[in-house]
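Colleague: Before planning work at the bench, I should like to go through this model with you. May I put my questions one by one?

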Amino acid sequence: MLRPPPVPLRPPASRASALPLPRAANPNTDPTTTTAPADTASAMGAAAWWRRTLGQRFNPTGIAAVASVAVSEPRLALPHLSVQDIRWLDWAELRRAGFRGVVFDKDNTLTAPYAPAIWPPLAAAFDQCRAVFPPGSLAIYSNSAGLKQYDPDGVEAKAIEAAIEGVHVIRHGKCNTKKPGGAAKEIESYFGCSASNLVMVGDRYFTDVVYGNRNGFLTVLTEPLSFAGESYIVRRVRKLEAYITNYWYKRGHKPIKHPLLPDPRRIVKFDPYDETNASR
């Protein structure tokens, strides 16, 4: 039986240092595996790709969230748990804790930026998640896929659902409201339960985490899968987010407690990059 090593939940310096265990080569950052799928732009249409890319560079709601959170409640930007990627998560333990479903961000959480299919190294972990939760319990809620601003007819949402079996793309943004703005009404309506019974998994502090914490989700932050295809501005914003949140950690701010899972370490598996554990 695999026994998970103790894992700190709050990074002292950076997200990469949150889990300082010995690792084999990381397929997410190894240069031979970080290339985005070929012809991503042509696959979704060059015009649509450029609109998506330019639109994601400016998120007024996200900018407002930084100011609001900084002034009022920094802990809203702090995830309940930080992990490398979804392979670290024990889905069965999440189910036993009472969670009824999982909501994923898409780009750089499940897929390469703007790609429809799941990032290949994550396929087995996603299959495990799908096996644990009943049909209809997995969804994507993204500032790209499903946002009516970019996919008014739902064509791309259907393509993603076809490419990632068992996931439903929740369409949102009637007023072009992106995460972290807006309530969780569409999500709660789809799942038929409160957001407090759901897990939000994403790769951004000031979109996925703030949105999730504001609405009562259990929030899990993952590392970005690939920088290929992601804009320079977004990469710089990531660094700014990490700098700000690390400052808050150092000032003693802690994540909000979640009623279903007071100790998030319960849902962390062994390090998948640790060759010692992998050989057991």
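The exchange below concerns a predicted model.

Colleague: How many helices and how many strands does the secondary structure of the protein come to?

Modeller: Please bear in mind that the model is predicted. The protein has 280 residues, of which 51% are buried. Its secondary structure comes to ten helices and six strands.

Colleague: Among contacts between residues at least 6 apart in sequence, what percentage joins residues at least 24 apart?

Modeller: The count leaves out pairs that are fewer than 6 places apart in sequence. Of the contacts that remain, those joining residues at least 24 apart make up 78%.

Colleague: What share of the area that the protein exposes is supplied by carbon and sulfur atoms?

Modeller: The protein exposes about 12,600 Å². Of that area, carbon and sulfur atoms supply 58%.

Colleague: Which element gives the largest share of the largest nonpolar core?

Modeller: In soluble globular proteins, nonpolar side chains tend to be buried together. The largest nonpolar core here has 36 residues, and Ile-86, Trp-91, Val-102, Phe-104 and Phe-126 are those with the most contacts inside it. Two or more residues come from each of β1 (81-83), α4 (91-96), β2 (101-104), α5 (123-132), β3 (138-140), α6 (155-163), β5 (198-202) and β6 (218-222). The largest share is three residues, and the element that gives it is α5.

Colleague: How many residues are in the other core that lies apart from it?

Modeller: This other core includes Val-103, Tyr-141, Cys-193 and Met-200. The number of its residues is 13.

Colleague: Which residues does a cluster of ring pairs link to Trp-91?

Modeller: Leaving aside neighbours within four places in sequence, Trp-91 is in contact with Ile-86, Val-102, Phe-104, Ala-125, Gln-128, Cys-129, Val-132 and Phe-133. Trp-91 also belongs to a cluster linked by ring pairs. The other members of that cluster are Phe-104 and Phe-126.

Colleague: Are the planes of Tyr-190 and Phe-191 stacked or edge-to-face?

Modeller: The structure holds six aromatic pairs. In the pair of Tyr-190 and Phe-191, the ring centres are 5.1 Å apart and the planes stand at 85°. Tyr-190 is partly exposed at 32% relative accessible area, whereas Phe-191 is buried at 11%. Since planes over 60 degrees apart count as edge-to-face, the angle of 85° makes this pair edge-to-face.

Colleague: How many residues apart are Phe-206 and Trp-248, which form an aromatic pair?

Modeller: This pair is edge-to-face, with 6.0 Å from centre to centre and 70° between the planes. Phe-206 is buried at 2% relative accessibility, and Trp-248 is buried at 6%. The pair links distant parts of the chain, with Phe-206 in helix α8 and Trp-248 in helix α9 (residues 232-250), and the separation is 42 residues.

Colleague: How many of the eleven residues in helix α8 are buried?

Modeller: Helix α8 spans residues 205-215 and is mostly covered. Its buried residues are Tyr-205, Phe-206, Thr-207, Asp-208, Val-209, Val-210, Tyr-211, Gly-212 and Asn-213. Of the eleven residues, the number buried is nine.

Colleague: Which residue just after α8 takes a positive phi?

Modeller: The phi in question is about 95°. The residue that takes it, just after α8, is Gly-216.

Colleague: Which residue is linked with Glu-93 and Arg-96 in a network of salt bridges?

Modeller: Glu-93 and Arg-96 form a salt bridge, with their closest N and O atoms 2.8 Å apart. The two residues are three places apart in helix α4, and therefore about one helical turn separates them. Glu-93 is buried at 15% relative accessibility, while Arg-96 is exposed at 57%. The further residue in their network is Arg-266.

Colleague: Is Arg-238, the salt-bridge partner of Glu-230, buried or exposed?

Modeller: The closest N and O atoms of Glu-230 and Arg-238 are 2.8 Å apart. Glu-230 is buried, with a relative accessible area of 11%. The relative accessibility of Arg-238 is 8%, and under 20% counts as buried. Arg-238 is therefore buried.

Colleague: How many salt bridges does the count come to?

Modeller: Side chains of opposite charge can pair when their charged atoms come close. One further case is Asp-107 with Lys-106, at 2.8 Å from N to O, and both of these residues are buried. The count of salt bridges comes to ten.

Key. Residues are numbered from 1 along each chain as its sequence is written. This is a predicted model: local features need pLDDT of at least 70, side-chain atom pairs count only at pLDDT 80 or more; totals for chains, interfaces and linings use all residues. Side-chain values use heavy atoms; hydrogens and water are left out. A nonpolar core is a set of buried Ala, Val, Leu, Ile, Met, Phe, Trp, Tyr and Cys residues joined through side-chain atoms within 4.5 Å. Buried means under 20% relative accessible area, exposed over 50%, partly exposed in between (1.4 Å probe, protein chains only). Helices (H or I, at least four residues) and strands (E, at least two) are DSSP runs, numbered from the N terminus. Contact means heavy atoms within 4.5 Å. A salt bridge is a side-chain nitrogen of Lys or Arg within 4 Å of a carboxyl oxygen of Asp or Glu. Accessible areas come from the Shrake-Rupley method with a 1.4 Å probe; for residues, only the protein chains shown count as cover. Rings of Phe, Tyr and Trp (its six-membered ring) pair if their centres lie within 6.5 Å; planes under 30 degrees apart count as stacked, over 60 as edge-to-face and the rest as tilted.
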